[in-house]
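Biologist: I am new to this one. Please show me the structure, and then let me ask how you know what you say about it.

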Amino acid sequence: MHHTDATPHFVWFNVVNFQTKDNILRCRRCSSDNKRTFSTEMNIHFPGREGFEKPTVLVFSQVSICLNCGLADFKVPDRELRALADGLSGKKAESA
Ligand SMILES: [Zn+2]
């Protein structure tokens, strides 16, 4: 039997950081419009005592900071996000 080999066609939309003004300008905590975006380098440590033995995860990200109340928003990039998840679940190690 022949059936048409209809390979699914996926279209990927590249969402290129579409920054709506509302999103940028309004703090979700204090509603101030005094927000600015900064570049950061973050060295994220794992929690707990065993966290000292795990390699930290370096994250380069843009952070949006409310200059009125200090609330900061940022998104961890996918690769680093996975590193964090793996680091947490990866080694439950010996609970001696
Ligand atoms: Zn604020």
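Modeller: What follows takes the chain from confidence to strands, then to one residue and one helix.

Biologist: What makes this a model to read with care?

Modeller: This is a predicted model: local features need pLDDT of at least 70, side-chain atom pairs count only at pLDDT 80 or more, and totals for chains, interfaces and linings use all residues. Residues are numbered from 1 along each chain as its sequence is written. pLDDT is the predictor's confidence in each residue, from 0 to 100. The chain averages 78, and 69% of the residues score at least 70. Over residues 13-18 the pLDDT is below 50, and this stretch has 0 contacts beyond near neighbours in sequence. Residues 92-96 are also below 50, with 1 such contact. A contact means that two C-beta atoms, placed from the backbone, lie within 7 Å.

Biologist: How do you know which helices and strands to count?

Modeller: They are DSSP runs, numbered from the N terminus: helices are H or I over at least four residues, strands are E over at least two. The chain comes to 2 helices and 3 strands. From the N terminus, the order is α-β-β-β-α.

Biologist: What makes β1 and β2 a pair?

Modeller: Two strands pair if DSSP finds at least two bridges between them. β1 and β2 have 10 bridges, in the antiparallel sense. β2 (residues 57-66) and β3 have 3, also antiparallel. Both counts therefore meet the cut-off of at least two. One bridge joins Ser64 to Asp73 in β3.

Biologist: Why are β1 and β3 called edge strands?

Modeller: The open sheet runs β1-β2-β3. β1 (35-44) and β3 (72-74) each pair on one side only. Neighbouring strands are turned by 35° against each other on average, direction ignored. In the hairpin of β2 and β3, 5 residues lie between the strands, and Gly70 there takes a positive phi near 90°.

Biologist: Why is Gln62 called exposed?

Modeller: A residue is exposed if 12 or fewer other C-beta atoms lie within 10 Å of its own, buried if 20 or more do, and partly exposed in between; the C-beta atoms are placed from the backbone. Gln62 has 12 such neighbours, so it counts as exposed.

Biologist: What is Gln62 in contact with, leaving aside its neighbours within four places in sequence?

Modeller: Gln62 is in contact with Thr37, Ser39 and Phe74. Gln62 is found in β2, and is the bridge partner of Ser39. Its C-alpha atom is 5.6 Å from that of Phe38, 24 residues apart along the chain.

Biologist: How do you know that α2 lies largely in the open?

Modeller: Of its 13 residues, the number buried is 0, so α2 lies largely in the open. In the chain, 3% of the 96 residues count as buried.

Biologist: How do you know whether the length of α2 agrees with its residue count?

Modeller: The expected span is 1.5 Å times one less than the number of residues. For the 13 residues of α2 that gives 18 Å; the end C-alpha atoms are 17 Å apart, which agrees.

Note on methods: Axes fitted to C-alpha atoms, helices over the stretch in contact; angles between N-to-C directions.
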